[in-house]
Amino acid sequence: MNSNNNHDDGSHHSQPQPHHHRRPRGFAAMGVSTVTTTINNNNNNNNPRGGGSSRNEREKEKERTKLRERHRRAITSRMLAGLRQYGNFPLPARADMNDVLAALAREAGWTVEPDGTTFRHSTTKLAVYPVRSVESPLSSGSLKSYAVKPSLDFPSSVLRIDESPSPASLDSVVVAGRGITECEKYGASPINSHDCLETDQLMQERHMVEQGFNFLGTAYVPVYVLLGTGLINKFCQLIDRDAVRKELRLLKSLHVDGVFVDCWWGIVESQGPQKYCWSGYRELFNIIHEFELKLQVGLAFHEYEGNDSGGISIPLPQWVLEIGKENKDIYFTDHEGRRNTECLSWGVDKERVLKGRTGAEVYFDVMRSFRTEFDDMFIEGLITAVEIGLGASGELKYPSFSERMGWRYPGIGEFQCYDKYLQQNLRKTSNLRGHTFWARGPENAGNYNSRPQETGFFCEQGDYDSYYGRFFLQWYARSLVDHANTVLSLASLAFEDIQMVVKIPAVYWWYKSRSHAAELTAGYYNPANQDGYSALFEVLKKYSVVVKFICSEMQISSDGNDEALADPEGLTWQVLNSAWDQGLSVSGQNAFPCYDKEVFMRLVETAKPSNDPDHHHFTSFTFQPPLPLVERTICFSELNHFIGCMHGTLSKTSTSSYVFLFAS
């Protein structure tokens, strides 16, 4: 689905936590406690009026101390992040000064044992015991110099659990790059830091290793990273070569297989009909080739408006917009007559309204020009696949839930078939059926932000399941399938023997309702008593197309309180199983930019279903990162772990960081 949709994005807002004081140990703790209690009692008894001001001063001092501590932690976290990134130091996520000193000693050629013993030469193997971290896993490549014991069976001589009431150093619980401690994040006392692991926590970690699905040795799923849209300007010039090289160098170090680049119709053919310019993309592809990365290309026949690349906008070609001023019916149109300029209506696929060419011919000419321009890169194997844009956001769908039209999640959207060309086709189809009065759209389908139960068409036992409703929805969905068939038949001529990809949206809200209203307006006739995907996949199979499914990372609450009746998981498995049943290959892409480990693991589990007896898996995965990628160094370890799981070189519960346990 559209990545700009602003709903349920999984963001969390941190809440201020109470400040935790260090407690002294042993008899000192008893003495200080007694003295403090006595002094407080005396102050309260002897100075009742001044007690309030003293408390206010103490509270202010607490806040000042808290601010100083946060500032210090932020500086520390940046230093540790710098050591990881630029010094290649394999520091744990919750590193303290002991870890830094140990890393420096090893860099100098010394041996540092888990208990802190340090010496120049040793014939004894260093045993490092892994503990699963939920914060910042290390790359497997950074651990080559260590002898790793792949078990959580800690020898009693090494493991010492500190049960003393004194907290560990605050430095030891800093989360890299975030400036907060684990105790602040989870509201726990510092006494529960990783230096004071409880036995049941260790047992839980071991259980997760034993029970978790192991991705080690599973199928290899290539990972491509989506490059930012703002790399090429409207004159088809590469803007910042150094920034591109910096990002590609980083991606290469993370062991990604390649990158994904969108080639925009609004840039390539902006100078006039059949006047193509590919110079900026040629330069970009050459740089990608220098780094020996593979390339997947998306031919984007829609406009772009996003905030991930400096708020740039890429409209359709200017000459197309000029035609649209005179003939507004080349655009998708809703029931109120509002035009959506994101892409051309499928009604013009066979209408010569674009300077003597049909919509399908215009798309074919762009594809043929691209194939000719980069023939050498196809021959060398640099370009491994071409994604054919078939609708809004490059996805095969009607623009039924467009935010520019005022749509907000979880609105059902509106039908987009009221331009004169689609209306002509509807009249023709209804006449052939013998029901001329069916040549209209439904009058009771609500608006963009309606709920199914608020409409007469989508509600329980609504008109969607009447004779007219079934006729209209079948025609509406057939127009989507016919558009895919028309464009792909020409694309197969331009890209013979080259892998083609079609992107399928994830319209998962109202999936648990009987009508599946949001899917219906998007063009997928998939109510509770129909299969809205098999007919499309039969057509895609003719062209050996790879289905790229937009994987929703959302987790819907299972308590029954979801007002949108959403079911991302149910929709995902229906689409994937339908495609696999047709013998189609499937790839994936995340719907929302993310760096969350839990989301990463859900994506891997979707790409490699653990309980599939036929061992289906994605053929590739396109990762859409938060941009700009180079500024988000604190999350590279999470991405590296995700790539390792996709490649089958790491398990779900692989050691993602290493914790050294020191004696108290």
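**Exercise 1. The protein as a whole**

The protein has 18 helices and 16 strands. The model is a predicted one. Determine what percentage of the residues is buried and how much accessible surface the protein has.

*Solution.*
Step 1. The protein contains 664 residues, and buried residues make up 53% of them.
Step 2. The accessible surface amounts to about 30,900 Å², with 49% of it belonging to carbon and sulfur atoms.
Step 3. Among contacts with a separation of 6 or more, 76% are accounted for by residues 24 or more positions apart.

**Exercise 2. The span and surroundings of helix 12**

Establish what span the 14 residues of helix 12 should have at 1.5 Å a residue, and compare it with the distance between the end C-alpha atoms. Then identify which residues of helix 12 are buried.

*Solution.*
Step 1. Helix 12 runs over residues 420-433. The expected span is 1.5 Å times one less than the number of residues, which gives 20 Å for this helix.
Step 2. The end C-alpha atoms of helix 12 lie 20 Å apart, in agreement with the expectation.
Step 3. A residue counts as buried when its relative accessible area is under 20%. In helix 12 the buried residues are Tyr-421, Leu-422, Gln-423, Leu-426 and Ser-430.
Step 4. The cover over these buried residues includes strand 10 (331-333) and helix 13 (467-494).
Step 5. At the N-terminal end, Asp-419 acts as the cap of helix 12, with a side-chain oxygen 3.1 Å from the backbone nitrogen of Tyr-421. Just after the helix, Gly-434 adopts a positive phi of about 90 degrees.

**Exercise 3. The nonpolar cores**

State which residues of the largest nonpolar core touch the most other members, and which helix contributes the largest share.

*Solution.*
Step 1. In soluble globular proteins, nonpolar side chains tend to be buried together.
Step 2. The largest nonpolar core has 157 residues; those touching the most other members are Tyr-281, Phe-285, Ile-288, Met-367, Phe-370, Phe-495 and Trp-509.
Step 3. Helix 13 supplies the largest share of this core, 14 residues.
Step 4. Phe-495 may be taken as an example. With its neighbours within four places in sequence left aside, Phe-495 has contacts that include Leu-299, Met-367, Phe-370 and Phe-378. Arg-371 is also in contact with Phe-495.
Step 5. Another core, of six residues, lies apart from the largest one; Leu-91, Ala-95, Val-100 and Ala-103 are among its members.

**Exercise 4. Salt bridges**

Find how many salt bridges the whole structure holds. For the pair Arg-241 and Glu-283, decide whether each residue is buried, partly exposed or exposed.

*Solution.*
Step 1. A search of the whole structure yields 24 salt bridges.
Step 2. In the salt bridge between Arg-241 and Glu-283, the closest N and O atoms are 2.2 Å apart. This pair links distant parts of the chain, as Arg-241 belongs to helix 6 (residues 241-253) and Glu-283 to helix 8 (residues 279-290), 42 residues apart.
Step 3. Partly exposed residues fall between the limits of under 20% for buried and over 50% for exposed. Arg-241 has a relative accessible area of 39% and is therefore partly exposed; Glu-283, at 25%, also counts as partly exposed.
Step 4. A salt bridge can also lie within one helix: Asp-482 and Arg-478 meet at 3.9 Å, N to O, and because they are four residues apart in helix 13, about one helical turn separates them.
Step 5. Glu-598 and Arg-602 form a salt bridge at 3.3 Å, N to O, and both lie in helix 17 (residues 597-607), four residues apart.
Step 6. Glu-269, Arg-357, Asp-365 and Arg-368 are joined into one network by salt bridges that share partners.

Notes
Residues are numbered from 1 along each chain as its sequence is written. This is a predicted model: local features need pLDDT of at least 70, side-chain atom pairs count only at pLDDT 80 or more; totals for chains, interfaces and linings use all residues. Side-chain values use heavy atoms; hydrogens and water are left out. Helices (H or I, at least four residues) and strands (E, at least two) are DSSP runs, numbered from the N terminus. Buried means under 20% relative accessible area, exposed over 50%, partly exposed in between (1.4 Å probe, protein chains only). Contact means heavy atoms within 4.5 Å. A polar contact is a pair of N or O atoms within 3.5 Å; within protein, one must be able to donate a hydrogen and the other to accept it, and residues adjacent in sequence count only if both atoms are side-chain atoms. A nonpolar core is a set of buried Ala, Val, Leu, Ile, Met, Phe, Trp, Tyr and Cys residues joined through side-chain atoms within 4.5 Å. Accessible areas come from the Shrake-Rupley method with a 1.4 Å probe; for residues, only the protein chains shown count as cover. A salt bridge is a side-chain nitrogen of Lys or Arg within 4 Å of a carboxyl oxygen of Asp or Glu.
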